Structures are given as structure tokens and as C-alpha cells.
Amino acid sequence: MAMHSLKVTTNNAAETERFGETVGKRLRGGEVIELVSDLGGGKTTFVRGLARGFGSADRVSSPTFTISHEYTADDRTLFHFDFYRLHEPGIVADELAEAEHDPNASVVVEWGDIVADVLSANRATIAIKALSESERELLITFSDTLSYLFTD
Ligand code: ADP
Ligand code: MG
């Protein structure tokens with residue numbers, strides 16, 4: 001599988017959100033996106049834009065107690081999982097696996113280490129690095145099959 005990588009730099013949270021929105025507009029269903037960063041890196045900020053671009057009218061929040069959130073637009077669903085501080089994936093891992101197999105669902109995951117064995121090998125990974133208080137470098141890796149998400 002040919003892999004590609006792309007580097008995107010944002011100068012503030014609004015830019016990260018706008019990049020998420022651009023990607024969200026391109027979702028078709030069947031994608032898995034893993035977000036990797038330290039706490040406060042901008043993962044949820046990206047998802048906020050992603051959900052808007054996807055077509056959801058609901059506001060994205062950090063799911064502190066809820067591990068999964070669902071956003072709907074027409075006949076499609078965007079699943080947002082956040083496994084922060086979860087030590088035992090349990091039933092949510094089954095929910096993740098089910099979402100990944102739904103061709104009408106797009107999946108975005110924060111803190112996915114605990115479910116590494118469930119995460120689709122064919123996923124896009126966005127690793128976010130804080131360059132300063134407000135600058136972020138997004139290193140995106142993806143296979144050919146997901147290139148439509150990141151190219152015009
Ligand atoms: P995470 O989900 O990775 O823990 P959040 O998206 O919840 O991170 O928080 C990111 C924080 O960093 C927010 O307070 C946001 O305003 C701030 N921030 C500053 N610059 C950026 C940037 N370029 N991109 C994303 N967030 C940024
Ligand atoms: Mg978060």
C-alpha cells in the first residue's frame with residue numbers, strides 16, 4: 001500500500017478548525033482518522049471543524065465522561081471516540097469496531113493507543129506537534145485510498 005505524508009502548519013486554533021472543516025467536507029463514509037498529540041495539542045479543535053464540514057449542526061465538546069459521540073448528516077454518521085484516561089476499552093472497543101465496518105460511517109479517534117489492535121490498519125493518522133503557544137504542525141500520513149481527504 002503506497003503511503004503518503006503531508007505537513008500542514010496552523011497559526012491558531014481557528015486555522016486548525018478550518019482545516020478540519022475542509023477534511024470534513026470530503027468525508028464519504030468508511031474512513032478512520034486517528035489523532036495523536038499531547039493534551040491540548042488541538043485534536044478536539046480539529047474534530048470541531050471536521051463535524052461542521054461533515055454537515056453536523058451539533059457542537060463538538062471534549063467527551064470527558066462520554067467516550068463516544070455521534071454526529072449525523074443525512075444517512076451518514078460521524079463517530080468521535082476519545083479514549084483519554086480509559087484503562088479498559090471494554091464495550092466501547094466493540095462499538096469502535098462496528099463503526100469502522102459501517103460504510104456509511106466515518107470515524108475519528110483521540111487517544112487510540114488502548115484500542116490499537118482494533119484500529120483499522122487503513123487509517124489516516126494526524127500527529128499534531130505544538131511548535132509554540134499557538135502554532136501547530138500537523139503531520140498527516142495516509143494510504144492512496146484516503147488521499148481524497150487531503151488533496152484538492
Ligand atoms: P486536545 O483535544 O488535543 O487535548 P484541544 O483541541 O482540546 O486539544 O485544545 C487545544 C488548545 O490549544 C485549545 O485551547 C486551543 O485554543 C489551543 N490552540 C492554540 N493554538 C492552536 C492551534 N494552532 N491549533 C489548535 N489548537 C490551538
Ligand atoms: Mg481532546
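Q: Which residues have the most contacts inside the largest nonpolar core?
A: Keep in mind that this model is predicted. Its largest nonpolar core is a set of 26 residues. Those with the most contacts inside this core are I33, I126 and F150.

Q: Which element gives the most residues to this core?
A: Let's look at who contributes. Six elements give two or more residues each: α1 (13-25), β2 (32-36), α2 (43-54), β3 (68-73), β6 (124-130) and β7 (136-143). The one that gives the most, with five residues, is α2.

Q: Which residues does I126 contact, leaving aside its neighbours within four places in sequence?
A: I126 is one of the residues with the most contacts inside the largest core, so it's worth a look. Set aside the neighbours within four places in sequence, and what's left is a list with F150 and I33 on it. The full set is I33, E34, L35, V36, F46, L138, L139, I140 and F150.

Q: How many residues does the second, separate core have?
A: There's another nonpolar core, separate from the one above. Its members include F83, V92, L96 and V115. The count for this second core is 13 residues.

Q: Is the aromatic pair of F81 and F83 stacked or edge-to-face?
A: The two ring centres are 5.8 Å apart, and the angle between the planes is 5 degrees. Planes under 30 degrees apart count as stacked. Because 5 degrees falls under that cut-off, the pair of F81 and F83 is stacked.

Q: Why does F81 count as buried?
A: The cut-off for buried is under 20% relative accessible area. F83, its partner in the stacked pair, counts as buried at 2%. F81 counts as buried because its relative accessibility is 0%.

Q: Which residues form one aromatic cluster?
A: You've already met the stacked pair of F81 and F83. Both residues belong to one aromatic cluster, and F79 is in it too. So the cluster is F79, F81 and F83.

Q: What is the angle between the planes of F142 and F150?
A: Both F142 and F150 are buried. Their rings form an aromatic pair, 4.8 Å centre to centre. This pair is tilted, with the planes at 35 degrees.

Q: Which residue lies over the face of Y148?
A: Here the partner of the ring is a charge, so look for a Lys or an Arg. The distance from the ring centre of Y148 is 3.6 Å. The residue over that face is R28.

Q: Which residues come nearest to ligand 1?
A: There are 17 residues around ligand 1. Five of them come nearest: T16, G40, K43, T44 and T45.

Q: How far is an oxygen atom of ligand 1 from an N or O atom in the side chain of R136?
A: Ligand 1 has several polar partners to compare. A nitrogen atom of the ligand is 3.1 Å from a polar backbone atom of N12, and an oxygen atom lies 3.2 Å from a backbone N or O atom of G41. For the side chain of R136, the distance is 3.3 Å.

Q: Is E17 buried or exposed?
A: E17 lies in helix α1. Its touching partners, beyond four places in sequence, are T45, R48, G49 and R52. At 16% relative accessibility, which is under the 20% cut-off, E17 counts as buried.

Q: Where is A2 placed?
A: A2 counts as partly exposed, at 39% relative accessibility. Not counting residues up to four places away in sequence, A2 touches F142, S143 and D144. Its place is in the segment before β1 (3-10).

Methods. Residues are numbered from 1 along each chain as its sequence is written. Chains are lettered from A and ligands numbered from 1 in the order in which they are written. This is a predicted model: local features need pLDDT of at least 70, side-chain atom pairs count only at pLDDT 80 or more; totals for chains, interfaces and linings use all residues. Side-chain values use heavy atoms; hydrogens and water are left out. A nonpolar core is a set of buried Ala, Val, Leu, Ile, Met, Phe, Trp, Tyr and Cys residues joined through side-chain atoms within 4.5 Å. Buried means under 20% relative accessible area, exposed over 50%, partly exposed in between (1.4 Å probe, protein chains only). Helices (H or I, at least four residues) and strands (E, at least two) are DSSP runs, numbered from the N terminus. Contact means heavy atoms within 4.5 Å. Rings of Phe, Tyr and Trp (its six-membered ring) pair if their centres lie within 6.5 Å; planes under 30 degrees apart count as stacked, over 60 as edge-to-face and the rest as tilted. A charge sits over a ring if NZ of Lys or CZ of Arg is within 6 Å of the ring centre and within 35 degrees of the ring normal. A residue is near a molecule or strand if one of its heavy atoms lies within 4 Å of it. A polar contact is a pair of N or O atoms within 3.5 Å; within protein, one must be able to donate a hydrogen and the other to accept it, and residues adjacent in sequence count only if both atoms are side-chain atoms.
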